[in-house]
Amino acid sequence: MDTRRTSGPSRLLRSRSLRLARTGGAFLAAAALLLSACSSGSSTGTTAEAALAALPRSTPSTLAPYYGQKLTWRSCGVPGFECATMKAPLDYAKPASGDVSLAVARKKATGPGERLGSLLVNPGGPGGSAVGYLQQYAGIGYPAQVRARYDMVAVDPRGVARSEPVECLTGRQMDTFTQTDMTPDDQRETNQLVDAYQHFAQGCGRRSPELLRHVSTVEAARDMDILRAALGDQKLTYVGASYGTFLGATYAGLFPDRVGRMVLDGAMDPSLSARKLNEDQTAGFETAFQSFAKDCVRRTDCPLGGAHTTPEQAGDNLKAFFRQLDAHPIATGDADGRKLGESLATTGVIAAMYDEGAWEQLREALTSAMKDKDGAGLLALSDSYYERGPDGKYTNLMFANAAVNCLDLPAAFSTPDQVEKALPSFGKASPVFGDGLAWASLNCAYWPVKPTGVPHRIEAKGAAPIVVVGTTRDPATPYRWAQSLASQLSSARLLTYDGDGHTAYGRGSACIDSAIDAYLLRGTPPAEGKRCS
């Protein structure tokens, strides 16, 4: 439950927009319940002073073979899409030491109209499959006029999905991991949680020992520049969501002169410490829950209270239910015998916070669990979040998520004692989720590879206009992060969506969509201070 991660597509959830928001990841299992971000191990929450330095404009001779490679396109098995494999150096400091193979997919521009080049998309995570997102949504669901003018392209970042995936645990081991008690009540339960984090980290270290050292966001951003060259584009045109905004902003910081039209939707703030990021996200999920609760109690089928119930009382009722599950998990009808305990239930609730379109499903799931002692609905939400299939197998979303998060930044907390001291602060940020999300922030403390990242500003001086999109009640990437990133980037335009849910583009606001489409198609960024609802 490290409070750093984004989202990815769920085949189980009814809400289309929640599926889209979740194509990249969100909180990380029992070991990381939220989203990813760049941060430091400092517990003070202070911002960084240093700015990410741009790389030299000239390509080093040692990287020339990578930049000069030609992609061989082949059928993907998905009508209309082509796939290829791209090579990148495993270690940019030692390019001769070996390669990493990256999966690339595209859907060529359909016309009419002049082709504008390639549009690279990334849905977030870290750990979400960009190729899957392209094939399941972006390549068929982006506005027709955008798909007509651009080749739609995606690359699974190193360590993710089809790109030499990081592996850590078996399906049964993940089942055990996701059910670990995330709100320990005594020393025995604290020890069990620490053991779970250590077992997870050790599994990753055993199965992916070399790759774990080279899955940072900086390396993934450098891979995107090789892809840009291989595609024959002079500039990178890019739409990134959630963690994808950090990836895109990092690219802009490293290669400001190669930025084309760039949209960063659901923006992250790379200048914050790990603890500050986690507290901010904890508060963000509380804000989202308050919105859900206000809507819920006005409805006759709300299991958290009636018309006179305040959101705070609804939160107390949900916490009381979580405590009941902690003591007495309920049946789910799961073929593998899993019951719904507090951890899986919390995951299911938080998963639905990403999009208001899932609120009806959450009400139904909570009603079944609270009134009928049937945990199947909340388990389905949790499974979709973790990308667990009906066969008991998991994608590598959670493994890659931890690998990138724990390499990009030192852990927010190093010991259980530090978490204990932080509980009041996290509880203030979210009375409903605070304790669990505080303990979730401990997972990187046991990682087998030392982090390489620190908090920093990204200015990208000299870059073309970059559109930063923030949603006022975004649970996973709080609006102030978008404000902060926009203030850091020298050429940013902040586009605001006054609404609920995670990210804004393609989620029902004609105002947002038309502003972004105009930018992608004509290069016209939104007016300063533009707000949509």
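How many of the 10 residues of helix 17 are buried? Let's begin with that helix and then tour some disulfides of this predicted model.

**View 1. Helix 17 is largely enclosed by the rest of the structure.** Helix 17 covers residues 479–488, and 7 of its 10 residues are buried, so the helix is largely enclosed. If you would like to pick out the buried ones, look for Tyr479, Trp481, Ala482, Ser484, Leu485, Ala486 and Gln488. Their packing partners include two helices, helix 8 (243–254) and helix 9 (274–296). The strands they pack against are strand 9 (259–265), strand 10 (466–473), strand 11 (492–500) and strand 12 (531–532).

**View 2. Cys168 and Cys204 form a right-handed disulfide.** The chain has 5 disulfides, and this one joins Cys168 to Cys204 with an S to S distance of 1.9 Å. The pair links distant parts of the chain, 36 residues apart. Cys168 sits in the loop between strand 7 (150–155) and helix 5 (171–178), while Cys204 belongs to helix 6 (residues 187–207). The torsion about the S-S bond is about 105°, so the link is right-handed. Cys168 is buried, with a relative accessible area of 1%, and Cys204 is buried too, at 0%.

**View 3. A disulfide joins Cys406 in helix 14 to Cys444 in a loop.** Here the S to S distance is 2.0 Å. Cys406 lies in helix 14 (residues 397–408) and Cys444 in the loop between helix 16 (434–440) and strand 10, so the bond ties together parts that are 38 residues apart in sequence. With a torsion of about -80° about the S-S bond, the disulfide is left-handed. Cys406 counts as buried at 2% relative accessibility, and Cys444 counts as buried at 8%.

**View 4. Cys511 and Cys532 connect helix 18 with strand 12.** The sulfur atoms of Cys511 and Cys532 are joined at an S to S distance of 2.0 Å. This link is left-handed, with -55° about the S-S bond. Cys511 lies in helix 18 (residues 510–522) and Cys532 in strand 12, so the pair ties together parts that are 21 residues apart in sequence. What is the exposure of each partner? Cys511 counts as partly exposed, at 25% relative accessibility, whereas Cys532 counts as buried, at 3%. Strand 12 also brings us back to View 1, as it is one of the elements that the buried residues of helix 17 pack against.

**View 5. The disulfide pattern along the chain.** Counting bonded cysteines along the chain, the pairing reads 1-2, 3-4, 5-6, 7-8, 9-10.

Terms used. Residues are numbered from 1 along each chain as its sequence is written. This is a predicted model: local features need pLDDT of at least 70, side-chain atom pairs count only at pLDDT 80 or more; totals for chains, interfaces and linings use all residues. Side-chain values use heavy atoms; hydrogens and water are left out. Buried means under 20% relative accessible area, exposed over 50%, partly exposed in between (1.4 Å probe, protein chains only). Helices (H or I, at least four residues) and strands (E, at least two) are DSSP runs, numbered from the N terminus. Contact means heavy atoms within 4.5 Å. A disulfide is a pair of cysteine sulfur atoms within 2.5 Å.
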